[in-house]
Amino acid sequence: MNIIFGPVNSRRFGKSLGIDLSPSKKQCNFDCLYCELAPAPVMDAYEDVISVEEIMNALNNILGEHQDIDALTITANGEPTLYPHLSVLMDEINKVKGTIQTLILSNAANIHKENIQESLQKFDTVKLSLDCASKRCLKRLDRASSKIDVENIKSGMLAFKEKFSKPLIIEILFVKGVNDAEEEIKALNEYLLRLKPTRIDIGTIDRPPAYYVEPLSYEALRAISLKFDASLPIYIATRKKVDIKASSYSSEDILETLKKRPLTQEDIDVLFDAKSKNRLQVLVDNGLLKIENSSGYNFFVQNISE
Ligand code: SF4
């Protein structure tokens, strides 16, 4: 039973470790069509619960071996906020972590609950999923437990954001023909304008899914990103970029494109040919564009003070 996984090195997080709060089996209140884990019945509470002591022993052992860990991600084969001792566990982790940054990845199904919000306050970064803004979509895509209501998720996130001053990242996973309709994107856009998260990662299926569903292409994700308000900090998080042919952008095209949607260095690498990259650099050097960091990602944006 592997409670700790890693360390792995990533450009964004540095050297990081993961903690799996449900190492024995999938325990989740969703059964998403796109889940990387096999389909499983939904549950509202963990059936198999490992002790805080067991987790801390495993963590302390590995921190003893690796003194240069930068980040610690709390996750699960399932939903980590269903772990009943999450708050106590975070108190213990916070006693030993030093400068290590902590991150949790949650489906947000219980974010309206006071005790869950209190536990999440104990992290340095919170990343919440929000695939759907409507009840029908949540039922179809995330196949949630009947007790879960999308309106509670949305109001819970707003209440949490009020209290949480550290980075709050929203992740939307788009599935072809399921949550990529105009109406759903419009509803997500309206809601996210109210929420004002630190960053919004949009992606699609990257690994074999639990059920037969299809991913979107990078072009389709980019088209979706343009449907959101230009003020929203959207990052296209997908590995499916390889088929794109780099294009030529004039300086005016670059300014116009970035007015609609800030781009990351990764986007630039995919979309821009070599000459366009040089033009982009000239615009940065001349102060017409600037680079803004949002929780680990650099975005090229228009310098509106110019
Ligand atoms: S919330 Fe995560 S673990 Fe649970 S079913 Fe969805 S993708 Fe799988």
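The legends below describe close-up views of a predicted model.

**View 1. The two domains of the chain and the place where they touch.** The domain assignment divides the chain into domain 1, residues 4–240, and domain 2, residues 245–306, and the C-alpha centres of these two domains are 29 Å apart. Where they meet, 14 residues of domain 1 are in contact with 11 residues of domain 2. On the side of domain 1 that touches domain 2, helix α7 (218–227) and strand β8 (234–236) each supply at least two residues, and β8 gives the most, with three residues. Sorted by class, the residues on this side of domain 1 are nine nonpolar, three polar and two charged.

**View 2. The largest nonpolar core and a second core apart from it.** The largest nonpolar core has 66 residues, and those with the most contacts inside it are Ile172, Phe174 and Ile202. Strand β6, which runs over residues 168–174, contributes the largest share of this core, namely six residues. If the neighbours within four places in sequence are left aside, Ile172 is in contact with Leu130, Asp131, Leu188, Ile200 and Ile202. Another core, of 10 residues, lies apart from the largest one, and among its members are Leu258, Phe272, Leu283 and Leu289.

**View 3. Helix α2 with its buried and exposed residues.** In helix α2, which spans residues 86–96, the buried residues are Leu86, Leu89, Met90 and Ile93. These four lie on the same side of α2, because they cover an arc of only 100° around the axis. The general rule behind such a pattern is that an α-helix has 3.6 residues a turn, so residues three or four places apart point the same way. On the other side of α2, by contrast, Val88 and Lys95 are exposed.

**View 4. What covers helix α2, and the residue that follows the helix.** The buried residues of α2 are covered by elements that include the helices α1 (52–65) and α3 (114–120) as well as the strands β3 (71–75) and β4 (101–106). Just after α2 comes Gly98, whose phi is positive, at about 60°.

**View 5. The residues around the ligand.** The ligand is surrounded by Cys28, Phe30, Asp31, Cys32, Cys35, Leu37, Gly78, Glu79 and Asn107. When this shell is sorted by class, five of its residues are nonpolar, two are polar and two are charged.

Conventions. Residues numbered from 1 in each chain as written. Predicted model: local features only at pLDDT ≥ 70, side-chain atom pairs only at ≥ 80, totals over all residues. Buried ≥ 20, exposed ≤ 12 C-beta atoms within 10 Å, placed from the backbone. Arc of directions from axis to C-beta. Contact = placed C-beta atoms within 7 Å. Near = placed C-beta within 6 Å. Nonpolar A, V, L, I, M, F, W, Y, C, P; charged D, E, K, R; others polar. Domains from an automatic or database assignment. Core = buried A, V, L, I, M, F, W, Y, C linked by C-beta atoms within 7 Å.
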